Amino acid sequence: MLVKNIDDTRAMTDIGAAIFTKRAGETKYSLWMAVTNIPATGSAPEQVETTVTTSRKKTYTFGRQDNPQKECTFMAHRDNFMVLKEDYNKQLDFLQVNPDGTGWAFTGFVSFYQDEISVGSNLTGKAVITVSSSEELPRENVTDIIQETVTFVSAVPADITIQGTDTYKLNVVTDPSDATLTATSLTEGVATATVSEKEVTITGVAAGSCLVRLEAEKADCTKGTTYILVNVTE
């Protein structure tokens, strides 16, 4: 054969790709949200016609690239809503990271909405980034500008029910395992929350509902945050 067999042994799948962000005052990029897709980094440049009267065929040159809006699909739940509410209508720096450590940097304004709900489907939403500027070429190595995020390894319930002044206890495992855990009740008149080592204790105070925020922090890592809806019954 004229061309020998050549395989691309560097080919990758989506596994390990992610979108990171850097907010005001931060020096490194951290994971924004887990998403089901990462949009294209740009578009083909415009084709500008340069045909003149002496041309036998039409001729062209390339023009500007577009910076199209990016839509990322996320799972519609409270934790992701909290992230997006914090970033809503703000201009942030973003970094799309590939599994091999290459990345594409851009800046844009954040908005979001929830998708239609249908039988037998996940609840999802769209995070929309209106791009204001983007780098034309990829970065070869983004390892030194991204930061690990503390994550919750053990299952943390999205909601719990407590009767009266009973207590609910939860052992929390984090990654890294030595992260410092704190728990805060957003309405202490309904329930309180305390932490001893990695055991969270939520105690009912009065009938109603409130959110308990769990935060896990470690030096040189981005803080991990999750929420529990607490329903206190009489």
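# A tour of the hollows and one surface patch

The 13 residues around our first stop, the largest cavity, split into five nonpolar, five polar and three charged. Before you start clicking, keep in mind that this is a predicted model.

**Stop one: the enclosed space.** Select Thr-41, Gly-42, Lys-70, Phe-106 and Ser-134, the lining residues nearest the centre of the largest cavity. You're now looking at a space with a volume of about 70 Å³. How many cavities of 30 Å³ or more are there? The count comes to one. Next, colour strand 7 (103-114) and strand 8 (124-134), each of which supplies at least two residues of the cavity lining. Strand 7 has the largest share, with three residues.

**Stop two: the largest pocket.** Now for an open space: the largest pocket has a volume of about 950 Å³. To find its middle, select Val-83, Thr-149, Lys-223, Gly-224 and Thr-225, the closest to the centre among the 35 residues that line this pocket. Then bring up the elements around the largest pocket one by one: strand 2 (29-33), helix 1 (78-87), strand 10 (151-152), strand 17 (208-217) and strand 18 (224-233). Each of these gives the lining at least two residues. Which element gives the most? That's helix 1, with five residues. If you colour the lining of the largest pocket by residue type, you'll get 13 nonpolar, 13 polar and nine charged.

**Stop three: the second largest pocket.** Here the volume is about 210 Å³. Start with Thr-13, Asp-14, Ile-15, Gly-16 and Ala-17, which are among the residues lining the second largest pocket. Add Val-35, Thr-36, Asn-37 and Ile-38, then Asn-98 and Pro-99, and you have the whole lining of the second largest pocket. By type, this lining comes out as five nonpolar, five polar and one charged.

**Last stop: the surface.** Leave the hollows and select Leu-2, Val-3 and Ile-6. These residues form a nonpolar patch on the surface, and together they have about 400 Å² of accessible area. Zoom in on Ile-6, which sits in the segment before strand 1 (18-22). Is Ile-6 buried or exposed? Ile-6 counts as exposed because its relative accessible area is 62%, and the cut-off for exposed is over 50%.

Note on methods: Residues numbered from 1 in each chain as written. Predicted model: local features only at pLDDT ≥ 70, side-chain atom pairs only at ≥ 80, totals over all residues. Heavy atoms only, no water. 1 Å grid on protein atoms, 1.4 Å probe; cavity = no way out; pocket = protein on both sides within 12 Å on 5 of 7 lines; lining within 4 Å. Points joined across faces, edges and corners; volume = space filled by probe spheres on them. Helix = DSSP H or I, 4+ residues; strand = E, 2+ residues; numbered from the N terminus. Nonpolar A, V, L, I, M, F, W, Y, C, P; charged D, E, K, R; others polar. Patch = residues over 30% accessible without salt bridge, like charges linked within 9 Å, V, L, I, M, F, W, Y side chains within 5 Å. Areas by Shrake-Rupley, 256 points an atom, 1.4 Å probe, with all protein chains shown as cover. Salt bridge = Lys/Arg side-chain N within 4 Å of Asp/Glu carboxyl O. Buried < 20%, exposed > 50% of the residue type's maximum accessible area, 1.4 Å probe, protein only.
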